[in-house]
Each structure stands twice: as structure tokens, then as C-alpha cells.
Amino acid sequence: MNLIKLSVQRPVGVIMLVICLLMVGVVTLRDIPIDLYPEMEMPTVTVTANYSNVAPQDMERMVTKPIEAQIASMNGVDSMVSTTSTGSVRIRVTFDDSIPLDKAASELQQRMSRMSRSLPDSVETPTVSQFDINSTPIMTLALVGRDTANLEKLANDISPQFERIDGVAGVSVEGGRSAELRLTLNPLLLQQYNLTASDVANAIRTKNTSNTVGSVPKGDEDIQIRVDGEYTSLDQIATTPIRLGDSQTITVADIATITDISSEVQSITRINQVPGVLMSISKQSGSNTVGVADRIYETMASLQKELAEGIELVTVNDQSTFIRNAISGVTQAMAVGGAFAVFVLLFFLRSVRATLVIGVSIPIAIVATFILIRYSGQTLNVITLSGLALGIGMMVDSSIVILENIMKYKQNGVSAKEAAIKGGSELVSAVIASTTTTLVVFLPLVLLGTGQIANLFLPLAIVVSFSLVTALLVAITLVPMVASKMLNSRNAEKWAKDPVWMRGLTWLYERVLRFSLRFRWLVVLGVAALTVGSTLLFATLDVETFPRSAEERINLTARFDEGTEFTQIEGFANQAEAVLAKYQDEIKLQQTSIRSTQISIALQLPPKSEQRRTTAELSAAIQADLRREIVGVSFSAGRAFRAAGGGGSALTVSLAGPDQEVLHTLLEQVDLLLSRIPSIENVEIPSINGRPQYTIRVDEPVAVRYGLTQGQVMDQMSTVFNGISAARLQQDGKEYNVMVRYPEEESDSIADLQGFLLKTSAGQYIPLTAIASIQETKGPVSIQRENQRQMYTLTADVTEGASAAQVTQQVNQLLAGLPVPNGYEVTTGGTRQEFDNSVGNLLLMIALAIFLVYTVMAVQFESFIHPFIVMFALPTTVVGVILGLKTTGLPLSFPTFIGMIILAGIVVNNAIILVDYINQLKRGGTDYKEAIIEAGRSRLRPILMTTITTVLGMLPLSLGLGEGSEMQQPIGVVTIFGLSVSMFFTLFFVPVMYSIIEDFGKWVTNLFRPRQAPTQQIDIQS
């Protein structure tokens, strides 16, 4: 049955269905998860392997390279990056998007399990873990107070309360100093009793055990037997017996001194200059970030009441705040865009009732879209809400066209109900076709889109499609029904007629159109010149992959060589904090992190409205003060940015080659070259400096004579110079790590190393130098490899306002003069390279979208020629796109291409309306030239209305005023300028091309039409 006829005849049923739809939509909205961006799947796994205390170069030879060779033999491996450090290797493996990640990870784990037999015996079986970008921390808390040892213990104690929160995946604790019980051995007594540190540690481990050894029956029950020997006090450790060779025993206290200390400082974290411990909280994939954050705050409030005086829980970073602001900004843009669209309708129709007929489609379509979002597994995020905001203006297009045609019948004297049925039914196929042309442009995104582009913009395509489909259903059901009731009013004829200004605009348009048809080749040449010229201007645009959102935060960084005294690094951090003290009124929160090779200070600033000066000005002032007042170290300052999918660095320089010292020299030279370019900031240099070390080479034949192996030499030396972790003790609410060590004075100089005594298998002691040589060398801190070759990558950002393309060109010019030895390679990359790698696929998506649009129109018109005429509206969008990007200063980016794809589906709608009506008039017997004039005159108002409502609906989004708006702004700008310019060309260029093709068709027809033979007149005489 005809849907429009059914809707008009059953108004009560339609109204009740709409009310039910609204109720379900409102209820569904509560259950949709809220996040910043859509959930993304990265085809990446991480392989880790450990081999305790083995130097990086040995790890590379014995562990890293064999594992890499095994991984490289797998199908679908796209890239492989490894970092080898002392005792561990971490390999990040990225697979091709076509490879099922679960299957690849399972196969890789099986390979690692099999190959572990060929690795050294002490190497643990390599583990494979999938990388989940959605489980990154959403909130970082700090537990601040003066007692850092207690803070770490307290943080570990309260972590389970956060982990029990619905939606929390885990909590990681970083910083603080763990409590330690140090057993300092007496070397002379050890020699006297013929013991080693390992003997003492083994005695403690043997005692500190508990286990269930069986069970005994007691009546009808089996009672378990458990041997409990775990330590509960310091006295128990002190009285632990150690057996000697002559069956005598001594205690630990006889040969060691036990002291309660804090472990050696490896890192320091301070919040507003107060010591603290960081707690990073990650959410479960698919959970509501905002909801999880709210529950975390509730837990924080209850925990704060239980904390001792002087200890406080502080929020260091909260991703939900940015999400709330970003979602609020997009929601406001959507509301303002909807209001603009309604205002345009009111302006053209001059009737509140008529505006309500069409305007009602917006909220109903939005609410219905929420239902589809919920049950399609999507989330409410910046991208999906942007899809709704983009669709606001387009939602009313179908309703406008339907209502215009209904009014045409009403003006001809038909009753309101009959006008609604006939007028609506006549254009159902047209509005379905115009909606379909918009929907099909997203199909290439499904077929060809891969990686981050598909992850981010496929949800936008889905939401836009949902909104347009629901708006179409409203246009062919609710709008005709409401129109059939409202058009019975006396004022119905008033808004059906054009106002004076519209009639004047129509008169002017008709004159210009007649002029264009008279000088049509001049119009063609002008349009062609503009289109070609605009296309050439694309080469002058800057490029980026995904726009970045600037955060109100400044990052300060200082780096140090490996081996620098930690106290010296801490001293520089104290100086920096003293300099920052005068800026405290402009800083909301200050986080200082001190590591063995780096100082990082993150400054969170108040909102822009509360700042005395801009972030860039404050950053420059702070950096100038740091350089002036601190001597011996250079602090770099840079703004913090947030980008979808992480967003890569604007510039990367990769150096590959076999020798680390040469690579180090090249890195220093590249760093010096980059310092000459003022538009570069946040330069990150990988840690490649060699760490000073003493290399000991054991003479195996000599060692064997004393009954020693290299492994035994390593164990004995590790005990003296590193210590042995023997047990863990719980007492008085503290957890102690029990460390067995020699006195520090026995291992704090080269003389101690040279005079180190080894215990032989016969119980005698010999000097280390008797079986080994000692050399002072530099060993690598870590070894980085990419695709099975040694490679280090330097990263940098481009200052705000600078062109990444121009900076990359400058870098390439400087690097061209860099002397690179044979066997080494220096390559540049970054945003430009990522863009170039993807632009071919994006252009293919645009081409496929255009072909699909043509296909839909060919089916609608049942013609090859008329869709071809409509397609002339597409090339002119290039003029609008380049005009929009140049006017706003936006670079060419992935969102820009998505905007072009959307344009391909909507710019043809105006041409479809025009060409379709020309054909109707021609079929009615009107000459094609007059049909063109009449179609342009009568379709001018609906074309203006649909275009302006779409443009103004997207206007708030294109302004990019809210947080996180950088992602959707290029889409709005491209669509607004492209559609506006295309509408202008559609009104003149498409009719011109229609007339040219029509005349060309007649010329071809006449050319191939067989000529009739001339008739001869024969006189017949009688």
C-alpha cells in the first residue's frame, strides 16, 4: 500500500508511532556509552622476553635476532620494531589490516613457545600481548604526602577499591620508594665460615616458605596439613639458621647486620613540589568513559575521608573533562545549527505552521538516530555527534521538496488531503534517489577504508546515513500527514506564494540564465578555467593527517647522559621548580617526574578565560627564565596536543646503520642541523649514548682449572655489586623487600672490582684478575631495531602557524649536505609521508563515490546522458573547497577528504531537482530552452532553501570554537564552501551543459539520419 496515502489516512496511528519512537529514543540515550573518539582496533601485538642481567648487545645476539627472524617468517607482518635493553627485549609487531589479529596473535604465541627451546636456558618463554588503544588510562591520580615509602604501600592498598569500579580495567602504581630490609654481610666472617652471599640468601628462601603437604581424615572430614614458615618479624630473619660444612649452624645475625631502609631512589614524582605516587586508571573497552570517571570521583571522595592527615588524593589528569567539553561543544553546534535551519525555513515560508511541518523532522530524526546508534554498537563521541551535526541541515531537504510539491497541487485547486497524497507520491522516487546518492558515497569508506581513517570516520558515515534515512521516513510519512491538516487553513496560500524579494531574485536569475544560454561557451571556458586553476592550487596547501587539539598544558623536558648521578639530576629539578615558583598564580597543577636520564615537568594551566596570557606567551617566558637561571642543562618547552589515534609527529628523521657510535654521531649532527630551523620545537632524541661500563672477559680455560664457569663468576659478582632479593616480609602494615648485600665500601671503586675474590669449587679464594681481564668501555643503554636492522628515529613538532611542508623541505635541504658513511641511511618522514602514503587510497575512494552517485542517478533517470549532465555540478566543488581552505587557513587533511566524499553525494541533489523538472516539462511538449528557463525559475526557491539550510546547519561546526572541534571543522568548512559554490554553478553551468548536450545530441541524430531521396514530379499527359 502507498506509504504516503496510508499516513494521510491514518493520522492518529502516525502520531502515536512518533510518540513511541521519541520515548524509546530518550530511554535509549541513557545507555549509549560516551567517549572522546570511536573505539579503534590497532593490528598490533607486543612480544616480550627476559634474560636477567644480560647486556643489550648480548640480548640482541642471543634473543632479539632469533625472535625477529621467527616473526618475519609469518604472513601479514607489516612492520616490526624492537627495543633491547639490559635483561629484556620488547618487540612491537604490526600486521596488515586484512589479517585477523586474534588468529595472528595465537599463531605468534605458538611460534614463541616452540622456539623458546632454542633460546638460552635462562630465557623465559617470550609472551605475546595484544595492544588495545582503547584501554589507555582515562584518569591519573596522585597520592601526595611526605612519606613516599608509605605512599606506595597505601597506593597499592587502595588500588583494589578503584579496580572494583564497574568499567575499570586496571590500576597501575608508579613512583614512591619501597621499604627494604638490608642484610649487610661481613666479608671476613663469610670467608671464615666458608660461605657465600648465595648461601645466606638460599637459607632465607628455604625458611620463608609455606605450602599444603596433604590431608588427614577426622571423622567425616579431610583436614588439610599446611606447613607455615613465612616470616612475620625481623627477629625470625635474624635467627634463621645457616648450616656449615662441619654440621654446625650459625644464624643470619652472626654474619650480617639488618637495617630498615628505603630502597634506592630510581625515580621521583612530585605534585606541586610535594612528593607523590601516581595511580593510572584504565577503563574496560566499550565502557562509558564519563560514567567511569564519575564513579572514580565518588570513590575518591569516600577514600579521602579515611586517609591520614597530610595525605591527599589529587586528580592529575582526567580525560573525561576534555570529553565533556568536546561533547558539549558539538551538542551546542548541533542545537545552533538546527535553530539556523528552522530560521531559514521560517524566512522563506513566512509561516510558523509551515515551518513546523518541516522543522518537526529534525528532532524526530535525531531521536530515531540515537536508537540506531545504540543498537549498532556505536558510542556517543565527537565523531558520531559530528555526524549528527553535519546531517542537521540535510535532514530537512527531503521534507522541503515534498512540501513544495504538495503546495503546487494545492495551488491548482486540489483538496489538502488529495494534494498531500498526490504531491508527496509524485516525488517519493526523487527524494529516495537524492538520499541514496548521499548514502552511497560512504560505501567506498567501507570497501577501501583501512586503519585509522576507517576507525574514525566509518562511525561518522554510519550516523549521517542513519539520520538521513530517518529524515526520509519522516518526510514521506509525517510531513504529508501534517500538511494535509495544516493546509486547510485560510493562510495556507499565503506562504505558498513567493514574497516580493523572491520574485525579484527570480527575475534577476532568469535574465542572467538567458544571458548564460546565449553565451554558453564563454560560461564553459570560465568554469573550466576556475576549476583547473583551483585544482592547481591544491599543491600550495599545507598537509597533515589528523588535526590536533591544543591542550592548556606546557611540557618542560631536560635530558642527561646515562650514568649521570641521580642526585645531580634531582638538583637541576629543584632549580627548575624554584624558577617556576614565581609562575604559580598562572599554573593550575605542576607535575615533576625525575628519572635517571630525564626531568619532565608538566604544567596544567587554567581555562583560556582565566589565563593572563596565552599558552605560547607563558611557555616562551618560562623557557627564557630557565635558560637564564640554570647553567649546565637545557630545558625545552613545548605545548601539549591531543590527536585522534595518537597523531604522529610532524617530522621524523630515521637513521639506520650497523654501528651505534656512528649513529650517535649522526644523531648529534642532525640535532644540530634542526636547531637552525626556528619553526621546529619539541625535538625528541632517542637515548643512544653509551653507558660507561667495565667489561670483564673471562678466560675460560683458566677458569676451568679452578672449577669455575662464567655463569658462576657472574653470580658471585652480582651478589656483591648488585645484591640478592631473598624474601618479602609483611610487618606492621608494611611490606619489606629483604636484600642480601655486601657493604657498600666493598663495591664502590675500581680497586674493589680489581681486588674482588672469587670462591673456587675447592673452597679457596682467588682474585678476579687471575682468570679475567677488565677493560673500561661504553656499552649501549638500549638497541633499537626496525624491520631487522638497527634504526633510531628523531621526532619533532612544527611550531604553531608554520607550514609542515615547508619545514620538511628545509630539513631535506639541510640533510642533503650531511656526510653519510656507506652502509648508513638517513630518511625523513612524519605527517607529510603518512599523508602521501594514504592520499592515493583517499582519491580512489572519492572516484568510486562519484561513480556510485552516477550509478544511482542512471537508475533513477533510466538514462546515461541526464546523469552525465548532473555530474557537471561536481567539478565545480573544487573551486569551493580550495576557497574554503584558503580562507580559513586549514591544511589538507584526512577529514578534508572525508568532506569531499560527503560533497560528492549532496551537491548533485540540486542538479537532480533541476534536470528532473526540465525533463518533465519536455515530456509535456515544452521546447527544451524554455523548459530550462521555466525549471530554473520554479526550482530556484527549493534549491536555495535546501542549500542554505544545509550550509547554516553546518556553520557552527565549521567555526571550530569548542574543545576537540579540530577534527570536524575541516569537514564542515569543505562542505559549506563546496556546496555554496556548487549551487551557484548548478543554477547556471548545469543548464548551459544541458543545452549543449541537447544540441549535440540533435546534431548527431541529424548526422546519422538517412537522407530522403528528392521526389520528381512527373507530368502525365493524356
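## The protein overall

Of the 1022 residues in this protein, 51% are buried. Keep in mind that you're looking at a predicted model. Its C-alpha trace spans about 155 × 75 × 65 Å along the principal axes, and the secondary structure adds up to 35 helices and 30 strands.

What about the contacts? Take those in the protein with a separation of 6 or more: 79% of them come from residues 24 or more positions apart. As for the surface, the protein exposes about 47700 Å², and 53% of that is supplied by carbon and sulfur atoms.

## Helix 10 against helix 11

Now to one pair of helices. Helix 10 covers residues 289-306 and helix 11 covers residues 319-349. Their axes sit 9 Å apart, and the two pack at an angle of about 130°. That angle falls outside the 65 to 115 degree range for roughly perpendicular and is not over 145, the cut-off for roughly antiparallel, so helix 10 and helix 11 count as oblique to each other. The crossing of helix 10 past helix 11 is left-handed.

## Who touches whom

Which residues in helix 10 and helix 11 meet? On the helix 10 side, they are Thr289, Val290, Ala293 and Asp294. Helix 11 brings Ser320, Ile323 and Arg324 to the contact.

Sorted by class, this contact of helix 10 with helix 11 is a mix: three nonpolar residues, two polar and two charged. Val290, Ala293 and Ile323 are the nonpolar ones, Thr289 and Ser320 are polar, and Asp294 and Arg324 are charged.

Key:
Residues numbered from 1 in each chain as written. Predicted model: local features only at pLDDT ≥ 70, side-chain atom pairs only at ≥ 80, totals over all residues. Heavy atoms only, no water. Axes fitted to C-alpha atoms, helices over the stretch in contact; angles between N-to-C directions. Helix = DSSP H or I, 4+ residues; strand = E, 2+ residues; numbered from the N terminus. Parallel < 35°, antiparallel > 145°, perpendicular 65-115°, else oblique. Left-handed = near helix turned anticlockwise from the far one by under 90°. Contact = heavy atoms within 4.5 Å. Buried < 20%, exposed > 50% of the residue type's maximum accessible area, 1.4 Å probe, protein only. Areas by Shrake-Rupley, 256 points an atom, 1.4 Å probe, with all protein chains shown as cover.
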